[in-house]
Structure formats: C-alpha cells, structure tokens
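Subject: Structure for you to look at

Dear colleague,

I am passing on the structure we talked about, and below it you will find my notes on what I found. Please read them with the structure open beside you.

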Amino acid sequence: MTTTWQLPETAHGWVTDGGLETDLIFHRGLDLPDFASFPLLDDPAGREVLAAYYRAYAVVAARAAAGLLLETPTWRANGDWGARLGYDAEALARVNRDAVEHLRALAEEVSGEVDDVLVVGAVGPRGDGYLAGDLGADRYADYHRAQLAAFQDAGADLATAYTLTTVAEATGIVRAAADVGLPVAVSFTVETDGRLPDGTDLGTAVEQLDAATDAGAAHLLVNCAHPDHVRPGLDADAAWTGRIAGLRVNSSRLSHAELDEAEELDEGDLPDLAATTRGLVDVLPAVRIVGGCCGTDARHIAAMWEGWTPTAP
C-alpha cells in the first residue's frame, strides 16, 4: 500500500487555513450546529462567506510566495454527523462533491496571485474530535469510504483526515482512500502531554500507522493543539519525525476539555504563537505545511508566515 503520491515541492512551503469553525462562529456570528460548516454550501450567502474566508489565506500565500492548500469545509460531512443535520447518504455525497467544486473554482480565481494551489478534501473523525473512538480499522474504513469516494469523484487533489484520536481510525481512513484511489494525509491531535487522547504517544502512533498501512499515508500532520502541547511528544532524533509534514495549531494553551467548556474565544497572543510554531518547525525538519486550528484566523497565519518560511535552512 506504499503511496506513490508526494506533496509537490514549492520554494516556500504551503500555507493552509486556520480555525474555520471558530472564525465563523465567533468572528462572523454564524450558528453552526454540531460545529458543522458544510451546510453553508447549500446557501448562496453561506458560499460567499466561505469564499471570503478562503480568499484571506490566498493573500497570505501570495505574500509568502508559498503554495496554498484550499481545504474543504467538510470536517463534519460524514455519516453520523450528517444524519444529525438532516443529510442522508445521497445528500452527503452531493455536498462533499460541491465542496471540492466550490474550492476548485476559487483555486482558478486566485491562480494568478498564488503559484501553486491544491484542493484538499477534509475528513473529520467519526466521533467527537477530542474523544478516542473504540472501533477497529475495518469499521472505520467502511465508515469513511463514501466521503473519500465523493472527493475522488469531484477531482480533489488529495484528502486530509484531521483531529484523529486513534491509530485504528487513521488506519481505516488510509485503507479506504487506497480503495477509491485518492491520496490521503493523516493528522493526529494530542493532549497537553503530547499524547493522543487514547494515551498513545505520538511517535508510537506514527510508527504503528505506517506499519499497518505500509506507509500508505502521503504525509502526516498534527493539529488542534498548541505548539507547547505538541513539543512534549517529540523526539528530534527519532526517524518518525521525518513523516510530520504539517502543523495546524491552536491559538490557546487550554486543554481540549477546557476548550470544550469555554464560552469565549481564546485567540492567544499572535507573536507568541508565531514564535512557538516556528520553534516547533525547527525540530520537525520535514514540515512544509503551516496553518492553524481552533481560535486562529488569517491574522494568526499571516503572523506565522511573516518574513519566514518552513523551508528555510
């Protein structure tokens, strides 16, 4: 199952976006039941809000002379979460295809400003993003295959599965993506101690995933954690760190449990977040993708990239 797809090389790495849902809720006043942004695609005004959101990251990428990853607003667009929002299997397939097509049109719009643009189908976990699931890899493969097939049908360049809490779900997603012929990346989330929510340390998770899938994931990332929470899980001398190609960090140093209870957005400190993110890249030499997660917006990502690139020696 070894992947033949690799993230294209660019002179200055790849910009990706920030915390889509927290931006839409706290800055744009939108109501997102179940933290789901994909229903906005079914409303003309919602589609324009999404387009404006992504255009801000095209500006960041253009200023940094970096590539741009446009990642679909589909973190919740899978079976269980879709059903809660009134989307059956057919409707989910349609909205996942629409998401790719919407961003493909936007990619064409900004192509004159940004040298390289890829459209990425974003996959979220079957369960809550902070709680470890308990299914086997085959069950997870069956669950996620339909969304990945929709991305493939719509012509996504790759998919990325975010906020994963177990090796089993990551393994299932990689296997399902191979079934439908779509390159896939995997992003784990970690707690404040650098371990996955099920207690697995990050290095073990990377090694177990690669062993179970014959390194079938195109690359790996870490998301939905502050840089200070990722660092305890790193061993700069370990070979597995070379598999980590991307970071999408939280603005806040709060734990996942504390974030769940928070009623106000913790935007953190932009200079501090930029500095700690760059420091993390220093011990992760393969990182080429830098963006944000909960609490971040285009201001945070611009601060991370200002006068800096993850490809610098």
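Is aspartate 297 buried or exposed? Please keep in mind, for this and for everything that follows, that the model is a predicted one. Aspartate 297 belongs to the loop between E8 and H11, and its relative accessible area is 5%, so that it counts as buried, the cut-off being under 20%. Its side chain makes a polar contact with the side chain of histidine 27 at 3.4 Å, and another, at 2.8 Å, with the side chain of arginine 299. If one leaves aside the neighbours within four places in sequence, the residues in contact with aspartate 297 are Asp23, His27 and Tyr57.

Turning to the overall arrangement, eight strands close into a barrel, and they follow one another in the order E1-E2-E3-E4-E5-E6-E7-E8, with parallel pairing. I went through several of these strands one by one, beginning with E4.

Strand E4 covers residues 158-164, and because seven of its seven residues are buried, the strand is largely enclosed by the rest of the structure. On one side E4 is joined by four bridges to strand E3 (residues 117-123), the two running parallel, and in this pairing valine 123 stands opposite alanine 161 of E4. Between E3 and E4 the chain crosses through helix H5 (residues 137-154), in a β-α-β crossover that is right-handed. E4 is also joined to E5, again by four bridges and in parallel, and here threonine 160 has alanine 185 of E5 opposite. Helix H6 (residues 167-180) completes a right-handed β-α-β unit together with E4 and E5.

From there the sheet continues to E6. Strand E5 (residues 184-188) pairs with strand E6 (residues 220-223) in the parallel sense over three bridges, and phenylalanine 188 has valine 222 as its bridge partner in E6. Within E6, Leu220 and Val222 point one way while Leu221 and Asn223 point the other way, and all of them are buried. The route of the chain from E5 to E6 goes through helix H7 (residues 202-213), and this β-α-β crossover is right-handed. E6 then pairs with E7, in the parallel sense and over four bridges, and the bridge partner of leucine 220 in E7 is isoleucine 244.

As to how helices pack on the strands, helix H2 (residues 44-64) lies across strand E1 (14-15) and strand E2 (67-71), and runs at about 165° to E2. Helix H11 (residues 298-305) also packs on the sheet, where it touches E1, strand E7 (244-249) and strand E8 (289-292), and its direction makes about 145° with that of E8.

Alanine 11 is found in the segment before E1, and with a relative accessibility of 59% it counts as exposed. The C-alpha atom of alanine 11 is separated by 8.4 Å from that of glycine 67, although the two residues are 56 apart along the chain.

Another residue that I looked at is threonine 277, which is placed in helix H10 (residues 270-282). Threonine 277 is buried, its relative accessible area being 1%. A polar atom of its side chain lies 2.7 Å from the backbone oxygen of leucine 273. Apart from neighbours within four places in sequence, threonine 277 is in contact with Pro227, Val249, Val290 and Met304.

Finally, a word on the cysteines: why does the sulfur of cysteine 293 form no bond with the closest cysteine sulfur? That closest sulfur belongs to cysteine 224 and is 3.9 Å away, which is too far for a bond, because a disulfide needs the two sulfur atoms to be within 2.5 Å. For cysteine 294 the closest cysteine sulfur is likewise in cysteine 224, at 3.8 Å, and this too is too far for a bond. Cysteine 293 counts as buried at 13% relative accessibility, and cysteine 294 counts as buried at 16%. The structure as a whole holds zero disulfides.

With best wishes

Technical notes:
Residues numbered from 1 in each chain as written. Predicted model: local features only at pLDDT ≥ 70, side-chain atom pairs only at ≥ 80, totals over all residues. Heavy atoms only, no water. Buried < 20%, exposed > 50% of the residue type's maximum accessible area, 1.4 Å probe, protein only. Polar contact = N/O pair within 3.5 Å; in protein donor to acceptor, adjacent residues only side chain to side chain. Contact = heavy atoms within 4.5 Å. Pairing = 2+ DSSP bridges. Axes fitted to C-alpha atoms, helices over the stretch in contact; angles between N-to-C directions. Right-handed = clockwise from strand over helix to strand, strands pointing away.
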